[in-house]
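Welcome, and thanks for taking a look at this one with us. The report below walks through the fold piece by piece, so keep the viewer open as you read.

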Amino acid sequence: MKKTTNAPAPMKLYCNLFGHNYEVSKKVTSHVKEYTCKCCKKQLTTNSDGALTELTPKFKEINSILEEMYVRRMERSQEKAFSSSY
Ligand SMILES: [Zn+2]
């Protein structure tokens, strides 16, 4: 009996040949998103220049801060909209 090693090498090869198959895995703010490749699970994010870059732990940290700020701002603008309607 031969044991199959579960290396994702063929998927990586596929990505190298045909390009990654990214889908949005997380919406951080209205213009910053995180993407994950459906094949090899490589992750990208939008950086401050609006370009795509590899999602490193550093960028994950930045994104979580951005997300928190964004959510807070959204909540505040909703409160404002509520109070101005009175
Ligand atoms: Zn890929």
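Let us begin with Ile62, which lies in helix α2, spanning residues 57–84. This is a predicted model, and the description here follows its coordinates. Ile62 is partly exposed, because 16 other C-beta atoms sit within 10 Å, while a residue needs 20 or more to count as buried. If you look from Ile62 towards Asn47, you will find a partner 15 residues away along the chain, with 9.4 Å separating the two C-alpha atoms.

**The overall layout**

Stepping back, the protein has two helices and four strands. Their order from the N terminus is α-β-β-β-β-α. Burial is given for the protein as a whole: of its 86 residues, 7% count as buried. As for contacts between residues at least 6 apart in sequence, 26% join residues at least 24 apart.

**The first helix and the loop after it**

Helix α1 covers residues 9–18 and is hardly covered, with a count of zero buried residues among its ten. Just after α1 comes Gly19, where phi is positive at about 95°. A little further on is Asn21, in the loop between α1 and β1.

Is Asn21 buried, exposed or partly exposed? It counts as partly exposed, because it has 15 C-beta neighbours inside 10 Å. Leaving aside neighbours within four places in sequence, Asn21 is in contact with Cys37, Lys38 and Cys39. Cys40 is another residue to check from here: it is 19 residues from Asn21 in sequence, and their C-alpha atoms are 8.7 Å apart in space.

**The sheet**

Now for the strands. The four of them form an open sheet in the order β1-β2-β3-β4, with antiparallel pairing. β1 (22–27) and β4 stand at the edges with a single partner strand each, so one side of each has no neighbour in the sheet. From one strand to the next, the twist averages 35°.

The edge strand β1 is hardly covered: among its six residues, the count of buried ones is zero. β1 pairs with β2 in the antiparallel sense over five bridges, and a hairpin joins the two strands through five residues.

β2 (33–37) is followed by β3 (43–46), and these two run antiparallel, joined by three bridges. β3 in turn pairs with β4, residues 52–54, again in the antiparallel sense and over three bridges.

Here are the residue pairs to pick out if you would like to trace the register across the sheet.

| Residue | Opposite or bridge partner | Strand of the partner |
|---|---|---|
| Tyr22 | Cys37 | β2 |
| Val24 | Tyr35 | β2 |
| Glu34 | Thr45 | β3 |
| Tyr35 | Leu44 | β3 |
| Thr36 | Gln43 | β3 |
| Thr46 | Leu52 | β4 |

Tyr35 is a handy place to centre the view. On one hand, Val24 stands opposite Tyr35 in β2; on the other, the bridge partner of Tyr35 in β3 is Leu44. Cys37 also links two parts of the story, since Tyr22 stands opposite Cys37 in β2 and Asn21 is in contact with Cys37.

**The turns between strands**

Which residue in the turn between β2 and β3 has a positive phi? It is Lys41, in a hairpin with five residues between the strands. Phi of Lys41 is near 65°, a positive value in a residue other than glycine. That is worth a second look, because most residues other than glycine have a negative phi. Lys41 also counts as exposed, because it has 12 C-beta neighbours inside 10 Å and the cut-off for exposed is 12 or fewer.

The hairpin formed by β3 and β4 has five residues between its strands too, and there Gly50 in the turn has a positive phi of about 85°. Gly50 therefore makes a good companion to Gly19 when you browse the backbone angles: phi is about 85° for Gly50 and about 95° for Gly19.

How values were computed. Residues numbered from 1 in each chain as written. Predicted model: local features only at pLDDT ≥ 70, side-chain atom pairs only at ≥ 80, totals over all residues. Pairing = 2+ DSSP bridges. Contact = placed C-beta atoms within 7 Å. Axes fitted to C-alpha atoms, helices over the stretch in contact; angles between N-to-C directions.
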